[in-house]
Amino acid sequence: MSTPSPRGRFRVAALAVALVAASAFTLVACDDDSGGSSTSSATPTAPDTASFSGNAASALASAKASVRAEASKRAASASAAASSFEASVSAEVERANKAARTELAKVDGQGNALSDVTMTGKPRSETGGLLAVVVTITNKTDKTASYAVQVDFLDSSGKTVETRYVGAQDLEPGQKAQPVAVSRKPTEPVLTPKLAKAQRY
């Protein structure tokens with residue numbers, strides 16, 4: 001058997017390379033643009049888990065904790081705002097309110113000054129969420145006078161669930177005062193303020 005010439009060996013090597021290339025091309029060949037899918041016999045490679053920073057469960061737990069913390073923070077802020085508002089109102093009118101309560105304890109009926117008093121709701125955005133009404137008292141007489149006012153807060157059935165007292169002392173003729181009656185009840189159920197009594201003395 002004769003030994004192939006160098007040129008023959010070159011042709012054999014070239015043919016082998018061509019066959020390998022053709023096989024590789026067949027493995028990764030795609031169908032034409034008619035919508036065929038790609039095919040491959042390569043084995044999938046597992047993801048590198050070392051690059052993971054956690055799992056879905058821990059991420060979800062973290063998100064829930066964050067939401068709870070934010071809700072708690074907002075509730076605390078609203079509570080602080082409500083307390084601050086109520087404290088500022090109480091500091092200004094506490095003495096007059098005590099006098100009003102004492103005076104109204106002597107009054108039968110609705111008192112003699114309902115026509116001197118009106119009420120206006122105060123936006124909850126300004127009261128930390130509390131139900132509050134501005135009680136406008138106007139001295140319509142020609143003499144200096146003090147006033148005692150009772151505000152009842154009613155539920156949906158018309159039942160009084162809370163009573164607040166406000167007052168104004170030594171108003172000159174034509175002078176106005178605007179104390180604030182604040183409900184300390186929860187925001188739900190919604191209550192309705194009612195002018196129950198007003199006494200001039």
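## Salt bridges in a predicted model

Asp116 and Arg200 form a salt bridge, their closest N and O atoms lying 2.9 Å apart. This pair connects distant parts of the chain, 84 residues apart: Asp116 sits in the loop between α2 (56–104) and β1 (117–121), while Arg200 belongs to strand β7 (residues 192–200). A salt bridge here is a side-chain nitrogen of Lys or Arg within 4 Å of a carboxyl oxygen of Asp or Glu. The model is predicted, so local features need pLDDT of at least 70 and side-chain atom pairs count only at pLDDT 80 or more, whereas totals for chains, interfaces and linings use all residues. Residues are numbered from 1 along each chain as its sequence is written, and side-chain values use heavy atoms, with hydrogens and water left out.

Asp116 has a relative accessible area of 4% and is buried. Its partner Arg200 is partly exposed at 24%. In these terms, buried means under 20% relative accessible area, exposed means over 50%, and partly exposed lies in between (1.4 Å probe, protein chains only).

The structure holds 3 salt bridges. They are listed below with the separation of their N and O atoms.

| Acidic residue | Basic residue | N to O distance |
|---|---|---|
| Asp116 | Arg200 | 2.9 Å |
| Glu103 | Lys106 | 3.5 Å |
| Glu126 | Lys122 | 3.5 Å |

In the salt bridge of Glu103 with Lys106, Glu103 counts as buried, at 16% relative accessibility. Lys106 is exposed, with a relative accessible area of 59%. The side chains of Lys122 and Glu126 also meet in a salt bridge. Lys122 is partly exposed at 25% relative accessible area, and Glu126 is partly exposed at 48%.

The remaining values describe the protein as a whole. Its secondary structure comes to 2 helices and 7 strands, in the sequence pattern α-α-β-β-β-β-β-β-β. Helices (H or I, at least four residues) and strands (E, at least two) are DSSP runs, numbered from the N terminus.

The protein has 201 residues, of which 26% count as buried. About 13600 Å² is exposed, and carbon and sulfur atoms supply 56% of that area. Accessible areas come from the Shrake-Rupley method with a 1.4 Å probe; for residues, only the protein chains shown count as cover. Among contacts (heavy atoms within 4.5 Å) between residues at least 6 apart in sequence, 68% join residues at least 24 apart.
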